[in-house]
Amino acid sequence: MAVPKFKISKSKKRKRRTHDKISTPDLVPCGNCGLSIPMHRICPNCGHYRVRGKTGPRTRQVIEQDES
Ligand SMILES: [Zn+2]
């Protein structure tokens, strides 16, 4: 089994891990109410979901959320 020849220093390890941070999600305005939401997600405010087809922008109304 391959064994590391030297210990990775804290500095080296931390420098490598500076690239491991997560990026902020891409927010797009909702086509119905304008609220900024992540792409490919149903709008939490109005339940709207935008579907783009080959012919152009299309919209589809998704079932309203239950208030239970
Ligand atoms: Zn919306």
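Student: Leaving aside its neighbours within four places in sequence, which residues is Leu35 in contact with?
Tutor: Good place to start! This is a predicted model, and in it Leu35 sits in the loop between β1 (27-29) and β2. One partner is 10 residues away in sequence, yet its C-alpha lies 7.6 Å from that of Leu35: this is Asn45. The full set of contacts, beyond the neighbours within four places, is Cys30, Cys43 and Asn45.

Student: Is Leu35 buried, partly exposed or exposed?
Tutor: Let's count its surroundings. Leu35 has 14 C-beta neighbours inside 10 Å. A residue needs 20 or more to be buried, and 12 or fewer to be exposed. Because 14 falls in between, Leu35 counts as partly exposed.

Student: And His40, is that residue buried or exposed?
Tutor: His40 lies in the loop between β2 (36-38) and β3 (48-52). Its count is 10 C-beta neighbours inside 10 Å, and the limit for this class is 12 or fewer, so His40 is exposed.

Student: What is the phi of His40?
Tutor: Here is a nice detail to look for in the backbone. His40 is not a glycine, although its phi is positive. The value is about 60 degrees.

Student: What pattern does the chain follow along the sequence?
Tutor: Start with the parts list: there are 1 helix and 4 strands. Now read them in order along the sequence, and you get α-β-β-β-β.

Student: Which element has the lowest mean pLDDT?
Tutor: The chain as a whole averages a pLDDT of 80, and 74% of the residues score at least 70. Helix α1 (residues 10-17) has the highest mean among the elements, 96. Where pLDDT is low, predicted coordinates should not be read in detail. The element with the lowest mean, 53, is strand β4 (residues 57-61).

Terms used: Residues are numbered from 1 along each chain as its sequence is written. This is a predicted model: local features need pLDDT of at least 70, side-chain atom pairs count only at pLDDT 80 or more; totals for chains, interfaces and linings use all residues. pLDDT is the predictor's confidence in each residue, from 0 to 100. Helices (H or I, at least four residues) and strands (E, at least two) are DSSP runs, numbered from the N terminus. Two residues are in contact if their C-beta atoms, placed from the backbone, lie within 7 Å.
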